[in-house]
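Visitor: Could you walk me through this structure, one question at a time? I would like to hear the reasoning behind each answer.

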Amino acid sequence: MSKSYTIAFVPLDERPCNYGFPPLLARGTEFEVLRPPMQLMGLKKRPGDVDGLWTWFEEACCQADGAVVALDTLLYGGIIPSRLHSLKLEELAARLDKLRALKRRHPKLVIYAFQLIMRCPQYSLSDEEPDYYADWGREIFRKGFISHRKELGAASDEELQELAEIEDRLPREILDDYLGRRSINIEANKLVLELVKEGIIGFMIFPQDDSAPFGHTAKDQQKVRSRITELDLELRAYMYPGADEVGCTLLARMINKATGTVPLIYPRLSSVQGAFVTPLFEDRFFYETLKYQITAAGGLIASSAGEADLVLLVNTPGETMIEAASQQGSFFSYDVYRNLMEIVEYGNYILNHKGKPVAVADVGYANGGDQKLVKMLREKNILFKLAGYAGWNTSSNTLGTVISQAMIYLHYGRTQEHLDFLGLRYAEDVCYCSVVRGELSDGPIQDMGFGKYLLDGQRGSVASMVEQRLRQELAVRIDGPEGRVEITDCYMPWNRMFEVGLSVRFVPSGE
């Protein structure tokens, strides 16, 4: 590609993973990512300025070749507001109509979009849901879960008993509010499929945030899936687990399509059973989602390392997945049913003897990287020779991030921007998610008078303590003969411990 390519990007929300990762991945390439100013975005439960966002988006499209759009932001003001709004379907339909007008004005504009199917968490916590979810979340989930099993004739007597008790206790007005919003959102999902059918949206993903095999979300997926089939859109509208990584996935797809490339990726798993593990917060075998993630980003799975453009080392659990915070214990599933040494030796061989790019999808645990794996990669001196690494949040969040980074690496190689993003992943996924977050959440935060869902602001004393601990962990776990990772900024985006906002720079040895 000789000329630059401009992408108008509407993020799913203002957190770094959504607002920051796609522009960071595109830095230093001829793909320029335009994003709305932060003041138009929302803040957690506060929706973004939807009218302002549309105005910004319509102006950005005047100079753009392509657009990557989180429709939840243009409809509701962000991912959390999509679960809290009181909008009518007519208002949502009018907003979607603006895409038709936009495409008429810019017929050559390539639009890739994504829109969530509203999640239904299994616990009672209102941090990201309506306030009543703190008291009734578990009941709302169980009612949907057991009712769905009952419809399928699969509910046990104990489950039916539990359902009767929930129906006695759960206030009608709460259930009506919750189900009313779900039904409007699902109608909006169907309206979007009309835009795909008309060719206004060129490619569509319905990611499933926190999915389960039964319940409200599973039933809603079935409604959208049926509509996809009716409209013959199977090849243009995908549905699979994920959410916060989709901006990266669609960016990689746009880069691959614009350059006419289809990267072939050969996955090498750390355990035989790993392909058949259903990751936490997901609804299907890991390998099925892996296929979606690679194909959605514009690639294909290769059948051998020989034909592949890239080898993806996949650190899966051996049998069942646990949280990264629990990895210090000894677990048969992890110690016996998988072989980390083999994928590290294999990756090192492919990289150094075959000269082929290697990336690491660290999905052994949920919500953080595998400290043992990273220790071995560092011992082999290949942490900063990799084409990509990720190990954060859900298995799908990790897959989408590392696959996108690795595909961009295939185009641009080992740039400073690439090394900076690798450094960011090690700082955040390994040092923060897997070590510092749990350590500070259990005790030190309370000693300072805070709770893990309410800190002392984005840049308070907690943020300073996090930064200090991250510097120590980076020195011990990541820095080595290849260079070191320097933190240039650290803040707490949602004033809670779950995510951290970091800026880092990779400093090569001798600099």
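Visitor: Is Ala212 buried or exposed, and at what relative accessible area?
Guide: Happy to start there, keeping in mind that this is a predicted model. Ala212 sits in the loop between β5 (203-208) and α8 (216-230). The cut-off for buried is under 20% relative accessible area. Ala212 falls under it and is therefore buried, with a relative accessible area of 9%.

Visitor: Which residues does Ala212 touch, leaving out those up to four places away in sequence?
Guide: The chain brings a distant stretch to this loop: Glu282 is 70 residues from Ala212 along the chain, yet their C-alpha atoms are separated by 5.8 Å. With residues up to four places away not counted, the ones Ala212 touches are Gln122, Phe141, Ala218 and Asp283.

Visitor: And Arg119, is that residue buried or exposed?
Guide: Arg119 belongs to the loop between β4 (110-114) and α5. Beyond its neighbours within four places in sequence, Arg119 is in contact with Arg83, Glu128, Glu129, Tyr178, Arg182, Asp209, Asp210 and Thr217. Its relative accessible area is 6%, so Arg119 is buried.

Visitor: What is the relative accessible area of Val246?
Guide: Val246 is part of helix α9 (residues 246-259). Not counting residues up to four places away in sequence, Val246 touches Phe114, Ile205 and Pro207. Val246 is buried, and its relative accessible area is 0%.

Visitor: How far apart in space are Val246 and Met118, C-alpha to C-alpha?
Guide: Along the sequence, 128 residues separate Val246 from Met118. In space, the C-alpha to C-alpha distance between Val246 and Met118 is 15 Å.

Visitor: What distance does helix α6 reach from its first C-alpha to its last?
Guide: Helix α6 covers residues 157-169, which is 13 residues. At 1.5 Å a residue, 18 Å is expected for α6. The model comes close to that, with α6 reaching 19 Å.

Visitor: Around the axis of α6, what arc do its buried residues cover?
Guide: The buried residues in α6 are Glu159, Leu163 and Ile166. They lie on the same side of α6, because the arc they cover around the axis is only 65°.

Visitor: Which helix is included in what covers those buried residues of α6?
Guide: It helps to picture both sides of α6. The face turned away from the buried side carries the exposed residues Asp157, Glu158 and Asp168. Over the buried residues of α6, the cover includes α5 (133-151).

Visitor: Within what arc do the buried residues of α10 fall?
Guide: In helix α10 (residues 286-296), the buried residues are Phe286, Thr289, Leu290, Gln293, Ile294 and Ala296. They line one face of the helix, because seen down the axis of α10 they fall within an arc of 165°.

Visitor: Which residue with a positive phi follows α10?
Guide: Its phi is near 100°. The residue that follows α10 is Gly298.

Visitor: Which residue in the loop between α8 and β6 (237-241) has a positive phi?
Guide: Let me set two positive phi values side by side. Lys44, in the loop between β2 (31-34) and α2 (50-60), has phi near 55° although Lys44 is a residue other than glycine, and at 15% relative accessibility Lys44 counts as buried. The residue you ask about is not a glycine either, has a phi of about 60° and counts as exposed at 57% relative accessibility. In the loop between α8 and β6, that is Asp232.

Visitor: How many disulfides does the structure hold?
Guide: A disulfide here needs two cysteine sulfur atoms within 2.5 Å. For Cys61, a buried residue at 1% relative accessible area, the closest cysteine sulfur is in Cys62 at 7.4 Å, too far for a bond. For Cys433, buried at 6%, the closest is in Cys431 at 10 Å, again too far. The number of disulfides in the structure is 0.

Visitor: Which helix gives the largest share of the lining of the largest pocket?
Guide: The largest pocket holds about 800 Å³ of space. Its lining has 31 residues, with Glu323, Asn367, Arg437, Tyr453 and Phe498 nearest its centre. The largest share of that lining is 5 residues, and they come from helix α15 (residues 416-441).

Definitions and conventions:
Residues are numbered from 1 along each chain as its sequence is written. This is a predicted model: local features need pLDDT of at least 70, side-chain atom pairs count only at pLDDT 80 or more; totals for chains, interfaces and linings use all residues. Side-chain values use heavy atoms; hydrogens and water are left out. Helices (H or I, at least four residues) and strands (E, at least two) are DSSP runs, numbered from the N terminus. Buried means under 20% relative accessible area, exposed over 50%, partly exposed in between (1.4 Å probe, protein chains only). Contact means heavy atoms within 4.5 Å. The expected span of a helix is 1.5 Å times one less than its number of residues. The arc is that of the directions from the helix axis to the C-beta atoms. On a 1 Å grid over the protein atoms alone, a cavity is a set of points where a 1.4 Å probe fits but cannot get out, and a pocket is an open set with protein on both sides within 12 Å along at least five of seven lines; lining residues have an atom within 4 Å of a point. Grid points are joined across faces, edges and corners, and a volume is the space filled by probe spheres set on the points.
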